[in-house]
Amino acid sequence: MIIQSATYLISSPDYTKCPKADRPEYAFIGRSNVGKSSLINMLCDNHKLAKTSGSPGKTQLINHFDIKSFAGNTAAGKPDAWYLVDLPGYGFAKVSQNQRKQWEKMIENYLRKRENLINIFVLIDSRHSPQQLDLDFVNQLGEWEVPFCLVFTKADKETQRVVAKNVKDFLDAMRKTWQFLPRNFVTSAEKKMGRDKMLQFIEACNNE
Ligand code: GDP
């Protein structure tokens with residue numbers, strides 16, 4: 001897939017205010033500071049698209065980006081249009097109980113009711129061993145029957161061996177309760193690693 005353009009569209013307080021569900025949609029979520037903005041910018045080849053390191057917990061909004069792309073490796077490929085969605089992250093230390101409840105309600109409604117949502121990319125920091133907060137979140141997605149992939153971020157910050165062990169440990173932790181494991185991508189926004197595979201995955205989903 002080649003990205004032709006990526007443009008910020010709108011930020012919505014809940015799923016009913018989102019743009020018309022007339023094309024495939026892919027959402028990105030993870031703990032604060034996991035590298036979500038950097039990954040989105042890397043995928044879209046646009047350094048200023050998603051704001052990196054914004055003020056934690058303040059933007060509890062569903063952010064839509066309008067993506068135009070071509071299938072395959074050249075601009076001669078079939079043109080496609082889809083939405084990329086930047087969701088507010090979880091695991092902020094400083095948010096109040098009330099804000100957290102609000103976030104949960106908004107996210108649950110969006111994830112369960114948004115009809116054009118094809119897949120959630122759940123971002124996990126590849127430098128760390130499995131974190132309960134991330135496992136709880138993917139288990140919740142399982143209960144809701146929402147399709148997702150895992151995206152291990154910042155892979156350039158650790159040795160390949162450590163990253164591979166953290167990925168394996170996360171999948172092993174899931175294996176305790178999951179019969180099938182989700183697809184996973186190992187990425188680095190710094191090194192543009194994992195970009196082609198993620199875009200190929202999106203292209204394949206768009207064509208289904
Ligand atoms: P967000 O809060 O999840 O949107 O995270 P950001 O994208 O703002 O990234 C948080 C911090 O991690 C920033 O200082 C980024 O420069 C850094 N970061 C993000 N992705 C990578 C990566 O792939 N490699 C390295 N080395 N640093 C990264």
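**Alanine 81, glycine 91 and the core of a predicted model**

With 14 C-beta neighbours inside 10 Å, alanine 81 counts as partly exposed. The model discussed here is predicted.

User: Which element holds alanine 81, and which residues does it touch beyond four places away in sequence?

Analyst: Alanine 81 touches Arg23, Ile67 and Lys68, if you skip residues up to four places away in sequence. Leucine 43 is another story: 38 residues apart along the chain, the two C-alpha atoms are separated by 15 Å. As for the element, alanine 81 sits in strand E4 (residues 79–86).

User: Is glycine 91 buried or partly exposed?

Analyst: Glycine 91 lies in the loop between E4 and helix H2 (97–113). Its count is 17 other C-beta atoms within 10 Å. Being buried takes 20 or more, and being exposed takes 12 or fewer, so glycine 91 comes out as partly exposed.

User: What C-alpha separation does glycine 91 have from leucine 133?

Analyst: Leaving aside neighbours within four places in sequence, glycine 91 is in contact with Arg31, Ser32 and Leu133. Glycine 91 and leucine 133 are 42 residues apart along the chain, and their C-alpha atoms are separated by 7.3 Å.

User: Which strand gives the most to the largest nonpolar core?

Analyst: That core has 42 residues, and Phe28, Val122, Leu123 and Val151 touch the most other members. Six residues of the core come from the strand that gives the most, E5 (residues 117–125). In general, nonpolar side chains in soluble globular proteins tend to be buried together. The strand you're after is E5.

User: Which residues does leucine 123 touch, leaving out those up to four places away in sequence?

Analyst: Leucine 123 is one of the residues that touch the most other members of the largest nonpolar core. With residues up to four places away left out, the list for leucine 123 is Phe28, Ile29, Gly30, Val34, Gly35, Lys36, Leu39, Val151 and Thr153.

User: How far apart are the end C-alpha atoms of residues 93–120?

Analyst: UniProt, in an unreviewed entry, lists residues 93–120 as "coiled-coil region". In the model, that stretch is 61% helix and 14% strand. Its end C-alpha atoms are 23 Å apart.

User: What is the radius of gyration of the protein chain?

Analyst: The chain has five helices and seven strands, running β-β-α-β-β-α-β-α-β-α-β-α from the N terminus. The globule rule gives 17 Å for 208 residues, and the chain's own value is close to that, so the chain is as compact as a globular protein of that length. The radius of gyration is 16 Å.

Methods
Residues are numbered from 1 along each chain as its sequence is written. This is a predicted model: local features need pLDDT of at least 70, side-chain atom pairs count only at pLDDT 80 or more; totals for chains, interfaces and linings use all residues. Helices (H or I, at least four residues) and strands (E, at least two) are DSSP runs, numbered from the N terminus. The radius of gyration is taken over C-alpha atoms; the globule rule is 2.2 Å times the number of residues to the power 0.38. UniProt positions are given in the numbering used here, feature names are shortened, and annotations may be inferred rather than shown by experiment. A nonpolar core is a set of buried Ala, Val, Leu, Ile, Met, Phe, Trp, Tyr and Cys residues joined through C-beta atoms within 7 Å. Two residues are in contact if their C-beta atoms, placed from the backbone, lie within 7 Å.
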